Every structure is written in C-alpha cells, then in structure tokens.
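Trainee: I would like a close look at a single part of this model, followed by whatever it leads to.

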Amino acid sequence: MKDLIYLKDVVTLRVDTDKCTGCAMCLEVCPHGVLAIDEKRVRIGNRDACMECGACSRNCPVDAMSVEAGVGCAAAVINGMLNWQGTACCCSVDPNNPSAGKAAGTCCS
Amino acid sequence: MKACANDSSNKQGLLPMAPLVACAASDSEVPLRPPRLEQTFVTGSVAGPSGKIPQVLSVLKRLDHWGSIKARWGVGRMHYAVDPGLYALGSPQECSPVLVTANYKMSFDCLREALPGRDAWILVLETEGINVWCAAGKGTFGTEELIRRITASGLKDMVKHRDLILPQLGAPGVAAHLVRKQSGFKVHYGPILARDVAAYLDANLRATAEMRRKAFPLRERAVLIPIEIVATLKPAMIIIPILLLISGFGGEEGFLRNIAHDGIFSLLAFLCAILSGAVLTPLLLPYLPGRAFTSKGIAVGLPLAMVLLYAWGPDLRSWRNILFGGAWLLLIPALSAYLAMNFTGASTYTSLSGVKREMRWALPLEIGAGLSGFATLLASRFF
C-alpha cells in the first residue's frame, strides 16, 4: 500500500546544509523517510511526508535541522483555541503554547 | 543468549559522568523510588545494588490482556501505568541489552511480549501512563527523564556496557548526543515496532529501512475506532434527546407519532454520521479522495446521507419533508467531516502546520453546514 501523505507544501522543515556534517542521525530517526543524503549533506527528499514530529531537529548534534515541531491533532488545536485542557483523547495542550505541549499524535496506539 | 555479542561497541564512549542537569533535583523533590514488587505482572525479583529489581516474563497474563481491552475502550486509560524504573525481563546479566520504554502499561506489555525467551533490562520512564510517541512529543519521554532514571536505577552498576536501546518513536523527545554527554550512555534508536526488536538485536543493532517507517495499516486504524466512538458518547447523550424532542413538534400528527417517524429517522441519521466519521473514514482512509481529513469525511458522509434519505423515501410534496431531509443532507456530512478531522490526532502522518491549514477552511465549513442544517431542521417543524 502506498504511504499516506497529508497536505502539500505546508511543513516548516528546513535543513541548513552549511551546518550539516552528514552524520545521518536525522535519517535514522525520521519515521517517514523524508530525508535523503547526497555527498555527505542531508537534503529534503519528500517534504510532504513530513509530520513535524521534531525527531530530526532534536537529534541533530549541530543544529542543522529546524522544524516547528508539534502534533497534528485537530482536537488539540481546538482545545487550545478554547483554552481547554483536552479530555477526549490524550491531546492535552498547554494553552499558553499550543504548538508545543501536546501529548497526542497517534494518541491511542 | 546473544546479548554480549556487541560488547566491542561498548568500549567506546565511556565519557566521564557529567554533573546531573540542574532540573533533575529541582524538578522532582520526591526521591525516585524503585518500581514496586507488588505489581500484578511482576513474577519475582533479581538482586540489585540497592535492593530488589522486579522481574517480569514475556508471557502476558489474562489480566494484562483484559487491561489492554479496557484501555482501548477508554476505561481507566488515563491511569493505565506501571511504576517507572528498572525491570528485569527473564534473568538479565551485566552484558544484557537495556531497552527503554514508557510507563503506559500497553507499551511495556507490548515490548516484553515481543521478546520471548530473551533476557534484557527494561528501563521504564515516567510518562504519566502515555505511550512513547505521544510522550516524546510532549517531552515527558525525554532527555532529562532518561538521564534521571539512569541515575536513579543504578543502571551503571547493573551493566558493564553503556548502550541503551530506545524505540525510534522516542526520538522527538530525546537528544541522543546530550544523553551521551551527560550520562555516558549511547542511545541506539531501535525499530519503531516492538515486534521488530528481536530481529534488531539479532542483527547487531541494525534496523532495516522498513522497520524505521511508520505505516498506518488497517489493523492499527481499526484498533483506534473504539476510542473514537467512546469520545462521541457524551455529546451524543445530550444531542439525541434534543433531536427526538425537536422531531415531535409541528405537522398534522401528534407529538408521539412524530417522534416515532421523524424522531427515529433523526436518531438513525445521527448514528449514521458517527459511523461515517468515526468508523468508516478511519477504516477506508487510504482509499478516500482528498488529502484533508475533512474531504475524506465528506466523501463518506454525503453518499451515506443520500442513501439514507433515499431509503427513507419521503413524500417530497410537503415542505416539512423537504426541509427535514435537506437538514440531514447538511448535518450528516458536517458531523462526519468534523469527526474525520479529529481523527488527525490519532493518525500517524499529519503535521501540525497541515492540520492548522486544513482547519482554516474546514472548521468554518463544518460549523456553517452544522448550524444551517440545525436551523433547517428547526424550520421544518413549522410546516
């Protein structure tokens, strides 16, 4: 079965090729095969497959990867807008920082 | 047992222990207690430097399975946790691998069940009963907590190597290079699925490309359905009586006769919308048109609404029926779309930026269709 892909041209993922040392740690942790490596420099191979989980940027020892990490959960966004602590799923959001403090994504698996 | 096979790789990286991060002490004033031996799934204990370490088996008991079923249906799910700390799976030695997981009991059970006949250390992090991926996104399955547990568990005295195997989906919360720097332990990201861990260990800590990809197969989508349905129960308890009540008014027949006709249809239509958004959309996800979940929800909800109305076969010469049918033609797709949109949180591939973009057009559409549908439903009662 083909991989499921979400919306086009929307993710905030960036690679700073000047900083990249080609250690490929980001390739290892990416759950959607977004990144590729050419001549010891990482590049974005499949941007639309990125889900902004932030694994790559968290594990980049030289800060070459950047992404506004968060969990793509509509319920969490709504709860954040309403200033509620989520209860429906584990998508509880920190109302002060709706894009950071979520416990969701695949809430229940 | 192959655990000692990669001893050679352990000699590297014995960095001096850096002083513990400042927050370790200030964050939690409570001293980190070792996991209790009295937990139902603990079968024995092994001796550790500072007391007994609970021992577990890879075979799950009936109680463990029952707990999983309940958690899938949302019963006690928020507290379905094991004590954090170090556990012994089988009879691990000082060269046995150390596997790190979350303290959501289903995560813990899943891991040990995947390692029959193996000996390993399982280091459980305090994630407040939330699974690895969610907890990593939140940061509770994170660098600080990992370092804290390494220290508190006395792991350094239990194993002579300095390697930890973490699930790949823990990576959003853990910075491997910082763990190495601050604890001396090297983080190896293992496969995404627990069922691949044995193969990963046998392959000398190498995962295939396939093990590193998060797919979203039918089975995984299906197990999420119960919790989606449970989430609709509470609002449904309020909405259903209101729908029945509304349906009773107006018309030439009496209140109760109206409820028996239009009320039952309203109930069916409402359940149909839930079926569409919370059951059929997740099941058919890859085959539905559009990338936005809202589109997928409409793609199921609209045809379903038309089939339902066709089966009802109203007399279209009356305004009452035209408006009533029209209302549900709006309400079913709107509700289905909304529930489908909320399934983004359970899916494994939606980005926050994407969800925000979808919501910018989808939420007004869903609310608009919902409100005009409801207004039409009310209007139909005046004929």
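Trainee: Is helix α3 (residues 74-81) of chain A mostly covered or mostly exposed, and how many of its residues are buried?

Mentor: Keep in mind that this is a predicted model. Helix α3 (residues 74-81) of chain A is mostly covered, with seven of its eight residues buried. The buried residues are A74(A), A75(A), A76(A), V77(A), I78(A), N79(A) and G80(A). Just after this helix, N83(A) has a positive phi of about 65°.

The cover over the buried residues of α3(A) includes α13 and α14 of chain B. That leads to the contact between the chains, to which chain B gives 46 residues and chain A gives 47 residues. On the side of chain B that touches chain A, at least two residues come from each of α4 (132-138), α7 (176-183), α10 (225-247), α13 and α14 (352-380). The largest share of that side, eight residues, belongs to α14(B). Sorted by class, the side of chain B that touches chain A holds 25 nonpolar, 12 polar and nine charged residues.

Next, take α13(B), one of the helices that cover α3(A). Two packed helices are described by the angle between their axes and the distance between the axes. Helix α12 (residues 293-312) of chain B packs with α13(B) at an angle of about 150°, and their axes are 7 Å apart. Because of that angle, α12(B) is roughly antiparallel to α13(B). Their crossing is right-handed. On the α12(B) side, the residues in the contact include F293(B), I298(B), L302(B) and L309(B); on the α13(B) side, they include W328(B), I332(B), P333(B) and M341(B). The residues of this contact divide into 15 nonpolar, five polar and one charged.

The nonpolar core also involves α13(B). In soluble globular proteins, nonpolar side chains tend to be buried together. The largest nonpolar core here has 131 residues, and W121(B) and V174(B) touch the most other members. Helix α13 (residues 319-342) of chain B supplies the largest share of this core, 14 residues. Setting aside neighbours within four places in sequence, V174(B) is in contact with R58(A) of chain A. Under the same condition, its contacts in chain B are A136(B), F141(B), G142(B), T143(B), L146(B), L166(B), V179(B) and V187(B).

Another pair of helices in chain B can be described in the same terms. Helix α2 (residues 62-72) of chain B and helix α3 (residues 105-113) of chain B pack at an angle of about 135°, with their axes 10 Å apart. The two helices are therefore oblique to each other. Here α2(B) passes α3(B) in a left-handed crossing. The contact is formed by D64(B), G67(B), S68(B) and A71(B) of α2(B) together with K105(B), M106(B) and D109(B) of α3(B). By class, these residues are two nonpolar, two polar and three charged.

One residue remains to be placed. L244(B) lies in helix α10 of chain B, and that helix supplies at least two residues of the side of chain B that touches chain A. L244(B) is partly exposed, because 17 other C-beta atoms lie within 10 Å, whereas a buried residue needs 20 or more. Leaving aside neighbours within four places in sequence, L244(B) is in contact with I259(B), G263(B), S266(B) and L267(B).

Note on methods:
Residues are numbered from 1 along each chain as its sequence is written. Chains are lettered from A and ligands numbered from 1 in the order in which they are written. This is a predicted model: local features need pLDDT of at least 70, side-chain atom pairs count only at pLDDT 80 or more; totals for chains, interfaces and linings use all residues. A nonpolar core is a set of buried Ala, Val, Leu, Ile, Met, Phe, Trp, Tyr and Cys residues joined through C-beta atoms within 7 Å. A residue is buried if 20 or more other C-beta atoms lie within 10 Å of its own, exposed if 12 or fewer, and partly exposed in between; C-beta atoms are placed from the backbone. Helices (H or I, at least four residues) and strands (E, at least two) are DSSP runs, numbered from the N terminus. Two residues are in contact if their C-beta atoms, placed from the backbone, lie within 7 Å. Axes are lines fitted to C-alpha atoms, for helices over the stretch in contact, and angles run from 0 to 180 degrees between N-to-C directions. Angles under 35 degrees count as roughly parallel, over 145 as roughly antiparallel, 65 to 115 as roughly perpendicular and the rest as oblique. A crossing is left-handed if the near helix is turned anticlockwise from the far one by less than a right angle, and right-handed if clockwise. Ala, Val, Leu, Ile, Met, Phe, Trp, Tyr, Cys and Pro count as nonpolar, Asp, Glu, Lys and Arg as charged, and the others, Gly among them, as polar.
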